[in-house]
Amino acid sequence: MSERTPVAPLAPRTFAIRTHGCQMNVHDSERLAGVLVEAGWEPAPDGQAVEDADLVVFNTCAVRENADNKLYGQLGRLAPVKAARPDQQIAVGGCLAQKDRSTVTARAPWVDVVFGTHNVGSLPALLERARHNGEAQVEILESLETFPSHLPARRDSAYSGWVSISVGCNNTCTFCIVPSLRGKEVDRRPGEILGEVEALVAEGVLEVTLLGQNVNAYGVDFDDRATGRTAFADLLRACGDVEGLERVRFTSPHPRDFTSDVIAAMAETPNVCPQLHMPLQSGSDRVLRAMRRSYRARRYLDIVAEVREAMPDAALTTDIIVGFPGETEEDFVETLRVVEESRFAQAFTFQYSPRPGTPAATLPDQVPKAVVQERYERLVALQEEMSLAGNREQVGRELELLVATGEGRKDAATRRMSGRARDGRLVHFTPTGVDGDGAQRSSTASSSPIRPGDVVTVRATYGAPHHVVADGDVLTHRRTRAGDAHEAGTRPTTPRVGLGLPAMGKPEPLPAAAGCTVGSHA
């Protein structure tokens with residue numbers, strides 16, 4: 001590692017975090033912010049350039065082929081800044097750091113700290129050690145040091161929160177590098193999860209998303225499959241008893257572990273949203289077998305049919321990989337068939353990219369890039385047709401929206417705001433109509449303006465492939481504590497709880513769910 005001159009810490013020290021990748025990484029970044037604040041750092045002011053912060057943290061992803069290039073390009077742009085400001089610190093964490101380890105400092109010797117997915121809470125100590133010793137610190141653990149959800153968090157949103165129910169994955173999908181970087185699945189105790197949910201709601205949060213690499217495998221050590229009940233279904237029902245919690249989402253389930261009691265829990269628990277993101281990856285049984293996905297197309301379609309029977313208006317989304325090694329035109333046509341039959345509201349489509357260290361990277365019959373591109377374009381075109389049709393079906397319907405921030409890139413130009421419907425659709429709406437007291441107001445002034453975190457109902461007037469528009473007056477507007485917090489610029493925080501990893505063994509049973517008073521689904 002390169003020799004450096006120790007530098008004195010600045011006061012106050014500011015930090016900026018740049019997050020790449022999945023929702024789990026986004027939540028990990030909230031934990032990183034929490035431990036930094038606890039250690040005396042301050043978030044960089046909104047709008048400040050990243051390079052102006054005293055600390056820049058990159059929380060990386062390793063799933064896609066271009067993840068390396070993206071990170072090292074950003075690090076390269078910081079090199080002259082670091083040379084001019086030797087007191088600035090740069091840290092790299094997350095999945096790419098776990099994978100590449102000392103390669104990061106070899107390619108970017110101006111980086112101060114490299115840490116992995118298993119020791120998020122070590123960042124402040126590593127930064128201080130790097131400052132004191134005048135040399136880069138690389139610490140990569142092979143297993144969890146502390147369950148991430150036991151760390152403090154500084155939340156990104158005043159109205160919506162991530163709640164991790166497990167980390168790691170026990171699957172062996174041949175294209176996926178995540179299990180080797182995140183480790184085997186470790187589950188939190190149900191009481192801990194509900195305690196975090198209740199703490200968020202106490203601070204005004206209206207919506208939580210339960211996170212896991214495979215959420216419906218949650219609790220395999222303590223559920224009761226003999227009675228047809230699973231721990232994840234029980235957890236969803238228990239969320240229905242959290243007073244003030246209006247929306248519950250989860251991601252991502254695995255079709256192999258999807259059970260009828262989870263579908264029943266979704267349908268019967270009013271605050272569980274009618275939305276399901278369930279990765280398909282391929283519609284070809286032959287390709288699914290090569291991927292080690294442990295389900296087949298018919299099983300996937302049976303789940304879709306059961307969900308639609310229980311929740312006719314549910315919006316389904318998915319992930320699909322195009323061009324997996326050995327994929328033939330016939331295999332791809334099977335994927336198109338399943339996609340068409342499933343009628344997804346949205347699909348996140350990816351061109352296969354080999355990841356070193358995964359079995360698929362060494363498989364024969366890698367599909368030529370030109371063929372992959374052509375198939376990818378056909379799939380995107382088909383999905384856009386179905387997304388457009390599904391969004392046009394919303395026209396004329398009343399939709400309840402949780403008003404969001406940053407979701408509509410053109411909102412300023414169109415004078416619209418944006419929010420998410422209960423089924424997860426993005427809706428851009430015109431903020432005119434009634435105020436919070438139900439009194440009619442003009443389109444130019446309001447005694448009670450709509451804010452992110454508030455809840456409105458609107459009538460959809462137009463459907464596009466990726467969003468819905470509601471250009472009539474707002475029908476109802478409910479001011480919320482989340483809206484108050486957003487307006488005041490405050491965010492929920494989660495204090496440090498517990499020590500070490502959750503204890504194993506059968507937990508106390510969850511209380512029986514009695515439902516809640518959340519309004520009906522849109």
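The lining of the second largest cavity divides into three nonpolar residues, three polar ones and one charged. Its members are Thr-117, His-118, Leu-144, Pro-148, Val-167, Gly-168 and Arg-182. The charged one is Arg-182, because Arg counts as charged. Leu-144, Pro-148 and Val-167 make up the nonpolar share, because Leu, Pro and Val are classed that way. The volume of this cavity is about 30 Å³. In total, the structure holds two cavities of 30 Å³ or more. The model is predicted, and the same applies to every detail below.

Now step back to the whole chain. It has 522 residues, and buried ones make up 55% of them. The fold uses 15 helices and 23 strands. How much surface does the chain expose? The figure is about 21,900 Å², and carbon and sulfur atoms supply 52% of that area. Contacts reach far along the sequence. Take those between residues at least 6 apart: 76% of them join residues at least 24 apart.

Next come the pockets. The second largest pocket holds about 440 Å³ of space. Its lining has 20 residues, and the closest to its centre are Ala-16, Ile-17, Arg-18, Arg-154 and Arg-491. Two elements give two or more residues to this lining: strand E1 (14-19) and helix H1 (23-38). Which element gives the most? Strand E1 does, with five residues. By type, the pocket lining divides into 10 nonpolar, four polar and six charged residues. Arg-18, Arg-154 and Arg-491, from the group closest to the centre, belong to the charged class, because Arg is counted there.

Charge also matters for the next topic, salt bridges. A search of the whole structure finds 36 of them. Three examples follow.

Start with Arg-129 and Glu-139. Their side chains meet in a salt bridge, with 4.0 Å from N to O. Arg-129 sits in helix H5 (residues 123-133), while Glu-139 sits in strand E6 (residues 137-139). The two residues are 10 apart in the chain. Is Arg-129 buried, exposed or partly exposed? It counts as partly exposed, because its relative accessibility is 34%, between the 20% and 50% limits.

The second example is Glu-246 with Arg-478. The closest N and O atoms of this salt bridge are 2.9 Å apart. Glu-246 lies in the loop between helix H8 (231-239) and strand E12 (247-251), and Arg-478 lies in strand E22 (residues 476-478), so the bridge ties together parts that are 232 residues apart in sequence. The surroundings of the two partners can be set side by side. Glu-246 is buried, because its relative accessible area of 15% falls under 20%. Arg-478 counts as partly exposed, at 37% relative accessibility.

The third example is Arg-451 with Asp-454. These side chains meet at 3.0 Å, N to O. Why do both partners count as buried? Arg-451 does so because its relative accessibility is 4%. Asp-454 does so because its value is 0%.

Salt bridges can also share partners. One network of this kind joins Glu-30, Arg-31, Arg-155, Arg-188, Glu-192 and Glu-196. Two of its members, Glu-30 and Arg-31, fall within the span of helix H1 (23-38). That helix is also one of the elements that give two or more residues to the lining of the second largest pocket.

Notes: Residues are numbered from 1 along each chain as its sequence is written. This is a predicted model: local features need pLDDT of at least 70, side-chain atom pairs count only at pLDDT 80 or more; totals for chains, interfaces and linings use all residues. Side-chain values use heavy atoms; hydrogens and water are left out. Helices (H or I, at least four residues) and strands (E, at least two) are DSSP runs, numbered from the N terminus. Buried means under 20% relative accessible area, exposed over 50%, partly exposed in between (1.4 Å probe, protein chains only). Contact means heavy atoms within 4.5 Å. Accessible areas come from the Shrake-Rupley method with a 1.4 Å probe; for residues, only the protein chains shown count as cover. On a 1 Å grid over the protein atoms alone, a cavity is a set of points where a 1.4 Å probe fits but cannot get out, and a pocket is an open set with protein on both sides within 12 Å along at least five of seven lines; lining residues have an atom within 4 Å of a point. Grid points are joined across faces, edges and corners, and a volume is the space filled by probe spheres set on the points.
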